[in-house]
Amino acid sequence: MDFANIKKVLDVRCPDLIDTDGDRPSIMVKPESWGIVSNLLKTDPDLTFDSLMCLSGFDLVEDDHLGVAYHFYSMDKRHDLEVIIRTPKENPSIPSIANIWRAADWHEREAYDMYGIIFEGHPDLKRILLPDDWEGFPLRKDYVQADTYQGIIIKKDKTYWK
Amino acid sequence: MSTKPHIDQSLVKTEEMVLNMGPQHPSTHGVLRLKIHTDGEVVSKIEPIIGYLHRCFEKHCEHLGYEQIVPFTDRCDYIASMHMNHGYALAMERLMGIEVPPRVEYIRVIVGELQRIASHLVALGTFGLDIGAITPFTWMIRDRERILDLFENLCGARLLYNYIWVGGVSHDLPEKFIRRTKEFIDYFTPQMDEFDQLLTFNKIFIERTADVGILPPDVAINYGVTGPSLRGSGVKWDLRKDEAYSAYPELEFDVPVGTGKMGSVGDCWDRYWVRMLEMRESVRIIDQALKSIPDGDVRAAVPKKVRPPKGSVYSRFETARGEIGYYIISDGKNIPVRLKMRSPAFCNLSVISEIAEGWMISDLIAILGSLDIVLGEIDR
């Protein structure tokens, strides 16, 4: 199925829960309805998105929102779908899908690690790539690099070059 | 054949022990730490702890021009750098709508398949080494050396190539490259039969790997496992066929899948065997590509300034380890707003707790070896 047909199916199954962003082939979902929509994506016989290809957080600065982009693929039906969820930077929270697609487990931990997005209901939400005692979320655009980490100077010391 | 060890809890008093394997351990293939919960010698749960090699790839990308990112992708998967370059170039070309000359596509396929052979040789050699077979490793590294020599001749580097650029490749094929590649193929084809005699059908190797660490196809898909590890579970899925890019649609090759020849579908031996067969397919592809490579200017489509339009792209590519995905958001400037790399080994490793549960620690070594991970791309 192409994007227009997937959109039609979703419009019938869960009206008012999904939205599009201009003419881009992706659907926008609000965090509070993501639980229902994600279940539908996996279980609906017309959609059967059994594979989560990628889950990436992003920070576009513009309006104090963080976002998460999900890329799904159906190995059976051979179609894909991009889902975008936006959440306020103040208190970023999105329901976890780690129990539906196990691939989301580590990817959600990574998005938490880098952007501080809380995935509600995740089995073990903790940092994955950075050390557990790291402060701040480095991929946020307003992240300010600390001077030291456990006594180690982080900033590049250029005095030696002069 | 190996079977899961059975412990009668009513006869022995056991208690759980937590064991750390790594970060410095010869069979973790890099700086990976596995926190293993064991019951005697039987694994009950594994927590992989990663991030020891984290080099802030994605953060760096947000401060670099698009063309400057290519050498960074090299460093992510240092065993198969060519594929990383190609995956990135492909994503950028899709974002910018660049049409690449056919000669470039053929060169990319040739070097890509050579790289696949080189990468699989390391994967299979170290897999054998992990479970005690030392000779195959030295033989495979010896043959990989020939491929690295070819690459050195091609672009000057043996591991980190920076060869495939957005819109083209950095240099045309050097004189004699085609002849030397043909010589390599003629040399390598009988070598694969020797590997089969030495390792593949070795009784000890089969005993150690057949029926061990079975990965069912639905679990593999749910965990996002891709590449030879997924095909080992019997799923016929290869982006070179199913979402064909570059010159692959014009070339003939098969997609080998695991069939449970020595044990069950999706065991360690199947994952090994799929890689072995893939090397044969790669040789077939290179052979065809060398015969039909067209002429042309390899830098004809390389843009002077890499400045994609506003928008985003998710593009995936079949590397030696599985699907690499690049999610790139552009705001029309010369540096990306966001570049996410979905690394194949990251997802492949996450399944280990699921499939290693109930096996002995020595089997865990075989399972980890069969997944073929590279920590550089897991940690990025």
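**Close-ups of the chain A and chain B interface**

Five salt bridges are counted between chain B and chain A. The views below come from a predicted model.

**View 1. A salt bridge links A:Arg78 to B:Asp242**. Take a look at the closest N and O atoms of this pair, which lie 2.7 Å apart. Across the same interface of chain B and chain A, 13 residue pairs are in polar contact, with both residues at pLDDT 80 or more. Helix 12 of chain B, with four residues, gives the most to the side of chain B that touches chain A. By class, that side has 15 nonpolar, 13 charged and six polar residues.

**View 2. Chain B and chain A bury about 2,900 Å² between them**. Of this area, 59% is on carbon and sulfur atoms. Contact involves 34 residues of chain B and 37 residues of chain A. Three residues worth finding here are B:Asn222, B:Tyr327 and B:Phe346: together they supply 19% of the area that chain B buries against chain A, more than any other three residues.

**View 3. Strands 6, 7 and 8 of chain B form an open sheet in the order 6-7-8**. Pairing in this sheet is antiparallel, and its edges are strand 6 (311–318) and strand 8 (338–342), each pairing on one side only. Neighbouring strands are turned by 10° against each other on average, direction ignored. Strand 7 (residues 323–330) is joined to strand 8 by five bridges; zoom in on B:Gly325 to find its bridge partner in strand 8, B:Arg342.

**View 4. Helix 3 (residues 81–96) of chain B lies across strand 6, strand 7 and strand 8 of chain B**. This helix runs at about 145° to strand 6 of chain B.

Technical notes
Residues are numbered from 1 along each chain as its sequence is written. Chains are lettered from A and ligands numbered from 1 in the order in which they are written. This is a predicted model: local features need pLDDT of at least 70, side-chain atom pairs count only at pLDDT 80 or more; totals for chains, interfaces and linings use all residues. Side-chain values use heavy atoms; hydrogens and water are left out. Two strands pair if DSSP finds at least two bridges between them. Helices (H or I, at least four residues) and strands (E, at least two) are DSSP runs, numbered from the N terminus. Axes are lines fitted to C-alpha atoms, for helices over the stretch in contact, and angles run from 0 to 180 degrees between N-to-C directions. Contact means heavy atoms within 4.5 Å. Buried area is the accessible area (1.4 Å probe) that two parts lose on being put together, summed over both. A salt bridge is a side-chain nitrogen of Lys or Arg within 4 Å of a carboxyl oxygen of Asp or Glu. A polar contact is a pair of N or O atoms within 3.5 Å; within protein, one must be able to donate a hydrogen and the other to accept it, and residues adjacent in sequence count only if both atoms are side-chain atoms. Ala, Val, Leu, Ile, Met, Phe, Trp, Tyr, Cys and Pro count as nonpolar, Asp, Glu, Lys and Arg as charged, and the others, Gly among them, as polar.
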